Amino acid sequence: MRFIFVIGIALVLFLVSCQSEEKQQVAVTESKPAHPWDWVPTEPASLAGKAVYLNECASCHNEGEEGAPALTNKKEWSKREAKGLTTLYDHAINGYIGVDGEMPARGGTPSLTDDQVKNAVQFILGTQK
C-alpha cells in the first residue's frame, strides 16, 4: 500500500512539472510583439526613440508609405544598417535623396534634436533584432 502511495505522489509531481514547463513556453511565445513598433526597449535612449518614432516616423515607416522602408521590412533595414550608424544618422538628420528613396531631414520635423533623431534610429534598428 505504501508503495502505491509513493508511486502516486511521484506521478502527481511529474505531471505538475510538465504542466509548468508548458505554461512557461506559452508565456515566452505570448511576450513577442505582434508588430515591431509594439516592442518595448529596456535601454533608455531606445525607449525615448520609440516615443519619437511613434509621433514622428510611424506615419511613413510603419507600412512603408511614400517609398520609406517599412519597419517590418528587415531586408531593407539590414541594407541600411550595413552602411553604418554614421551614415544612418546623417541621412536621418540631414535628409537623403538616392536610389534607395528619399528621407526628409529630421523626418520633416525640424524641431527634432540630433539626439532625438538618433534615438529614433536606435529604436528602429532595435526592432530588427
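**Entry 1: the end of α4**

I began at G95, the residue that follows helix α4, and I noted that the phi of G95 is positive, near 90°. I should write down early that I am working with a predicted model, and I read every value below with that in mind.

I then went back into helix α4 itself, which covers residues 85-94, and I found L88, Y89, H91, A92 and I93 to be buried there. Looking at these numbers, I recalled that an α-helix has 3.6 residues a turn, so residues three or four places apart point the same way. What covers the buried residues of α4? I found that the cover includes helix α3 (74-82), the strands β1 (96-98) and β2 (101-103), and helix α5 (114-127).

**Entry 2: α4 against α5**

I next looked at how α4 lies against α5, and I noted that their axes come within 10 Å and cross at roughly 125°. Angles of 65 to 115 degrees count as roughly perpendicular and those over 145 as roughly antiparallel, so the two helices α4 and α5 are oblique to each other. The crossing in which α4 passes α5 is right-handed.

Which residues make the contact? On the α4 side I listed L85, L88, Y89, A92 and I93, and on the α5 side D114, V117, K118, V121, Q122 and L125. When I sorted this contact by class, I had eight nonpolar residues, one polar residue and two charged residues.

**Entry 3: the chain as a whole**

I stepped back to the protein chain, whose secondary structure comes to five helices and two strands. Along the sequence, I read these elements in the pattern α-α-α-α-β-β-α. The chain has 129 residues, and 29% of them are buried. I also looked at contacts between residues at least 6 apart in sequence, and 50% of these join residues at least 24 apart.

**Entry 4: G49 and K50 in α2**

I wanted an example of residues that lie far apart in sequence, and I chose G49, which has its place in helix α2. G49 and F123 are 74 residues apart in sequence, yet from C-alpha to C-alpha I read 5.3 Å in space. Leaving aside residues up to four places away in sequence, I found that G49 touches N119, A120 and F123. Is G49 buried or exposed? I have G49 down as buried, because its relative accessible area is 0%.

I moved on to K50, which is found in helix α2, residues 44-61. With residues up to four places away in sequence again left out, K50 touches W37, D38, W39, V40, P41 and F123. K50 counts as buried because its relative accessibility is 13%, and buried means under 20%.

**Entry 5: the cysteines**

Last, I looked for disulfides, keeping in mind that a disulfide is a covalent bond between the sulfur atoms of two cysteines. How many disulfides does the count give? The count comes to zero. I then asked why C57 has no such bond. The cysteine sulfur closest to that of C57 belongs to C60 and is 8.7 Å away, which is too far for a bond, because the pair would have to lie within 2.5 Å. Seen from C60, the closest cysteine sulfur is that of C57, again at 8.7 Å and too far.

I also noted how much of each cysteine is accessible: C57 is buried at a relative accessible area of 16%, whereas C60 is partly exposed at 25%.

Technical notes. Residues numbered from 1 in each chain as written. Predicted model: local features only at pLDDT ≥ 70, side-chain atom pairs only at ≥ 80, totals over all residues. Heavy atoms only, no water. Buried < 20%, exposed > 50% of the residue type's maximum accessible area, 1.4 Å probe, protein only. Helix = DSSP H or I, 4+ residues; strand = E, 2+ residues; numbered from the N terminus. Contact = heavy atoms within 4.5 Å. Axes fitted to C-alpha atoms, helices over the stretch in contact; angles between N-to-C directions. Parallel < 35°, antiparallel > 145°, perpendicular 65-115°, else oblique. Left-handed = near helix turned anticlockwise from the far one by under 90°. Nonpolar A, V, L, I, M, F, W, Y, C, P; charged D, E, K, R; others polar.
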